[in-house]
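Trainee: Could you take me through one part of this model up close? I'd like to hear about the pocket and whatever aromatic packing there is to see.

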Amino acid sequence: MAQQPRAWQRMLSGRRLDLLDPTPVDIEIEDIAHGLAFVARWNGQTMGDYAYSVAEHSLLVETLFGRINPKAPPKWRLAALLHDAPEYVIGDMISPVKAAVGPGYGALDDRLTAAIHLRFGLPAAIPANVKKQIKRADKISAWMEATQIAGFSEAEASKFFGRPDAGLIADLRIILRPPVEVRTGFTARHAQLLEDMT
């Protein structure tokens, strides 16, 4: 009888995360922050001395979400911060690769997202209107990343991601930081949002 392939990963916290059946008790914010701080967006094809990490992107998306929805409760801001959290174990695949992998990728992402949400007091699936607003913040972030650090012209970025309202992003600049700084910033923001939820 053939042995099943290993489907779990040992995390630095000591947790053993089963990717096929993740549970909230195996999720730790330190593991998420550490992993995301080392996962490069844009497949690493960004300017600067440090990779632009998913953790940094997540902080920007949460900021943008708050600007789009200034009255949003802390739990939905936390959902925005954690919108790419599964990538701490499955990496950041660009859209063409996700399409090639097929629906299995989406199912894996959904299972991890549900476990992460439950671990931090969010519903397993967030409301569609909140998800749509997070996606809007995500697209604005992608436009900023494309034009500021990924070599796109504004016209090209606007074609793919839509041109954001200039007033919304006028004072925001992407600054690349060492992973340890990004990790610390991510965990601090997570802690603040959890505190705000109580």
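Mentor: Sure, let's start with the largest pocket: 33 residues line it, and those nearest its centre are His-83, Asp-84, Lys-98, Lys-135 and Asp-138. The elements giving two or more residues to that lining are helix H5 (95–101), helix H6 (103–119), helix H7 (128–148) and helix H8 (154–161); helices here are DSSP runs of H or I with at least four residues, numbered from the N terminus. Bear in mind that this is a predicted model, where local features need pLDDT of at least 70 and side-chain atom pairs count only at pLDDT 80 or more, while totals for chains, interfaces and linings use all residues. Residues are numbered from 1 along each chain as its sequence is written, and side-chain values use heavy atoms, with hydrogens and water left out.

The space in this pocket comes to about 1000 Å³. A pocket is an open set of points on a 1 Å grid over the protein atoms alone, where a 1.4 Å probe fits, with protein on both sides within 12 Å along at least five of seven lines, and lining residues have an atom within 4 Å of a point. The volume is the space filled by probe spheres set on those points, which are joined across faces, edges and corners. By class, the lining has 16 nonpolar, five polar and twelve charged residues; Asp, Glu, Lys and Arg count as charged, Ala, Val, Leu, Ile, Met, Phe, Trp, Tyr, Cys and Pro as nonpolar, and the others, Gly among them, as polar.

Now stay with helix H8, where Ser-158 has its place. Ser-158 is buried at 18% relative accessible area (buried is under 20%, exposed over 50%, partly exposed in between, with a 1.4 Å probe and protein chains only). Beyond its neighbours within four places in sequence, Ser-158 is in contact (heavy atoms within 4.5 Å) with Trp-143 and Arg-163.

As for aromatic pairs, the count is five, taking rings of Phe, Tyr and Trp (its six-membered ring) with centres within 6.5 Å; planes under 30 degrees apart are stacked, over 60 edge-to-face and the rest tilted. Trp-42 and Phe-161 have ring centres 6.1 Å apart and planes at 85°, so they sit edge-to-face. That pair joins distant parts of the chain, 119 residues apart, with Trp-42 in the loop between helix H1 (29–38) and helix H2 (54–68) and Phe-161 in helix H8.
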